[in-house]
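Grab a pencil and work through the exercises below. Try each task yourself before you read its solution.

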Amino acid sequence: MSVLLAALLLGIGGVLHAWRCRAASITVLLRIVVPLFYLDAAIKGFLRGYFGMRPNPNAVLQAMFATDQAETAEFFVHNGAALAQAAGWFVLLTAAVLLADRQLQRWQLARATAAPGRVQKGVAVLLAVFLVLLHVNTTMRRENPALFWPLRYQQYSAQLAAMKSMQHALTAAMAAPRDWNVRYAGEDARTVILVIGESTNRASMSLYGYPRATTPQLDAMRSKLLVFNDVISPASSTVESMMTMLTPADIGNPDAWMAKPNLLMLAEAAGYKTFWVSNQARNDGWIGLLAGQADESDFINYGTGRGENNFDANLFQPFAHALADAAPKKLIVVHLLGAHPSYDMRYPHRFSYFDNKQDAVSAQMASQGRSAWIRTQRDEYDNAIRYGDYVLGSLIGMADKAKSGRAASLLFVSDHGQEVGYSRNHAGHSASDKSGYEIPMLIWNNQQAPQSTAARAALESRPYQTDKLDATVLGLLKIETRYYAAHDDILSSTFLPVQRFMNGLQYQRGAPVLAR
C-alpha cells in the first residue's frame, strides 16, 4: 500500500504539478485519495491487531457482507472499548498528520518555485507509467483500496453464485450419482445427529478440567461419552470453518466444496432423510444454501440471526419432531447459537451462575492483569457455556429416550473457539490466539462397544482438525463412498494424524502462536 500510495502521489501528482494543472486537481488528490488509503490501512490494521486477521474472502468478508443491522449493532456494543481506543488513536494520528500537512503547505507557499523542466516532466511520466505497471501484479492490484473492497465483494458474490450453480448441478446428478460410489453398510435403522456449537472454547468447560462447574450435565454422563481433548478448528470464523467441516474441502484444498458432494448430498444418496434445525439466520450466505439442501429445514430464529437473544433450548421442539419422523435412516444437523458474542444474550437470567464470581478463575485473571471488563466478559461467557451444557445434555437425553433399542449417535463439535481473557485483554473471535481454535468435540453412541481404559484414553487423545470432520461423520453414517477417507476418520482403526495449521502457521499444542 505504501508503494502504491507513493507511486500515486509522485506519478499522478507529479504529472499534475509538472503541467501546471489547476491547484484544485492536486487538492482532490491529496484530500480524497490519501485519506482513502489512510482509512483503509486503519481498518486493516485494527482487524489485524484486534482479531489477528486481515480481510480475506472466506473469513472477515463473508462475515461482513452476510451480516445484518442488528448483528452489526451488537458487534459495536461488544467491541465498543477496543473500537473506542482504536478510534481515539486514529483521531490523534489524523490530527497530527493534518497539522503537519498544513505546516508543509505554508512552507511551500513561502518558497519560490521554478517552472518544471523536461527532466521533471519525464520523471513524472515515468512514475505515472510505473503506477500503471504496478497494477499488472495481482498482489499490488488487489491492495489498492479503490479495488480491494469491490473485488472482495465480487469474489464473495461469485462464491455464492458458484454454490448455487453447484447445488443445481449436483441436485440434478442425485437421480443417478454413479460416480459417487455410495453404499450404505449399516443397520436397517440408524439416526446420526450432528450438533454444531458456536464459539465454544473447551478451556471454559469443566468437562475438560476448567475449575468452574460449567458443564454439570456432561460431567455426569462422562462415562457414556468419547471426549476428544486435542481438537482444533480449521478457522476462527463460522463460515470458513463450516465450508470445510461439512464438505470434502479442507485447508489444503478449500475450494473442493464447489466440485464434490457435501455430507447432506452423500447421506441422501445413501437413503438417509436429512434434517437441518437451526437457531441461526436462514439467509446466512453459504450456510443458508447448504441448509436448504436438507429434506426438511427448520429455522427458529425469525429475528436477526446472531443479533437475536433467541435461546437454543427453543430448538427442542423441532429436534423432537425430527427424532419422531418415521424414516428409518436419518441425519439431523442441529446448528446452535452457542456462546457467540454478545455472551449475555445467549442464556436466560436463571443461568447467571458466575456473575461477579469470586473464585480461582477470577483470582487468576486478576493476577494476569485482565481488565474488569474482560473479567465480566469471562463470567458471561461461562454462563453461556453452562447454558450450552443444559442444551446439549437435553439433546442427548432426548435422543437416548427416542432411539432406545435402535442405533443412534450424536457428535458435538464447535465451529471455532473464542478468546475471552485466556491469553490477553480481548473478548471475541481471534485468529492469532489458540483459544480461537481449540474446541470441544465429543461423541455419544447408544450402542457404544466397551473399551479398555487405555484404549479409550488413546482414542480421546488423537490430534484432529475438523476440516476432516466429514470423514468422521461419514463413518458414523456407515456410508462407503469414494469421498470417504478412513485415515481422516478419528474413530477409524486406520486413522493417521496430519500436521495441523492455525492462521497459516503450524499448530503445536502448548506452544505460543504468533499472528501471521
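Before we start, some ground rules: a contact means heavy atoms within 4.5 Å. Axes are lines fitted to C-alpha atoms, for helices over the stretch in contact, and angles run from 0 to 180 degrees between N-to-C directions. Helices (H or I, at least four residues) and strands (E, at least two) are DSSP runs, numbered from the N terminus.

This is a predicted model, where local features need pLDDT of at least 70, side-chain atom pairs count only at pLDDT 80 or more, and totals for chains, interfaces and linings use all residues. Residues are numbered from 1 along each chain as its sequence is written, and side-chain values use heavy atoms, with hydrogens and water left out.

**Exercise 1: The sheet**

Task: Find the order of the strands in the open sheet of eight strands, and pick out the edge strands.

Solution: Start with the pairing rule: two strands pair if DSSP finds at least two bridges between them. Following the pairs gives the order β5-β4-β6-β2-β7-β10-β3-β11, and the pairing is mixed. At the edges you'll find β5 (296-299) and β11 (464-465), each of which pairs on one side only. As a reminder, strands of a sheet pair through backbone hydrogen bonds, either parallel or antiparallel.

**Exercise 2: Zoom in on β4**

Task: Work out how strand β4 is joined to β6 and to β5.

Solution: First, take the β6 side. Strand β4 covers residues 273-278 and runs parallel to β6, with six bridges joining them. Here F275 has I332 in β6 as its bridge partner, and V277 stands opposite V334 in β6.

Next, the β5 side. Four bridges join β4 to β5, and these two run parallel. On this side, S278 is partnered with F299 in β5.

Last, how covered up is β4? You need a cut-off: buried means under 20% relative accessible area, exposed over 50%, and partly exposed in between (1.4 Å probe, protein chains only). Five of the six residues of β4 are buried, so this strand is largely enclosed by the rest of the structure.

**Exercise 3: Two helices**

Task: Say which strands helix α13 lies across, and why helix α10 counts as largely enclosed.

Solution: Take α13 (residues 316-324) to begin with. This helix lies across β2 (190-197), β4, β5 and β6, and runs at about 170 degrees to β6.

Now α10 (residues 238-245): seven of its eight residues are buried, so the helix is largely enclosed by the rest of the structure. Those buried residues include V239, M242 and M245.

**Exercise 4: Salt bridges**

Task: Describe the salt bridges of D379, K273 and R456, and say whether the residues involved are buried or partly exposed.

Solution: The rule is a side-chain nitrogen of Lys or Arg within 4 Å of a carboxyl oxygen of Asp or Glu. Searching the whole structure turns up 12 salt bridges.

- D379 pairs with R212, with the closest N and O atoms 3.0 Å apart. This pair links distant parts of the chain, 167 residues apart: D379 sits in helix α15 (residues 372-402) and R212 in the loop between β2 and α9 (216-220). Both D379 and R212 are buried.
- K273 meets E296 at 3.0 Å, N to O. Here K273 in strand β4 and E296 in strand β5 are 23 residues apart. K273 counts as partly exposed because its relative accessibility is 22%, and E296 does too, at 28%.
- R456 pairs with E460, with the closest N and O atoms 3.6 Å apart. They lie four residues apart in helix α16 (residues 453-460), about one turn of the helix. Both are buried.

**Exercise 5: A lysine without a partner**

Task: Find the side chain of opposite charge nearest to K330, and say how far away it is.

Solution: Locate K330 in strand β6. Then sort the charges: Lys and Arg count as positive and Asp and Glu as negative, while His and the chain ends are not counted. The nearest opposite charge is D325, 5.4 Å away, and K330 is buried yet has no salt bridge. Leaving out residues up to four places away in sequence, K330 still touches several others, among them R190, Y272 and K403.

**Exercise 6: Backbone oddities**

Task: Which peptide bond is cis, and what are the phi values of N181 and N503?

Solution: Most residues other than glycine have a negative phi, and most peptide bonds are trans. The cis bond joins P341 and S342, with omega about 0 degrees. S342 is in the loop between β6 (329-335) and α14 (360-367).

As for phi, N181 has a positive value of about 55 degrees although it is not a glycine, and N503 has one of about 60 degrees. N503 lies in the loop between β13 (501-502) and β14 (505-506), and counts as buried because its relative accessible area is 17%.
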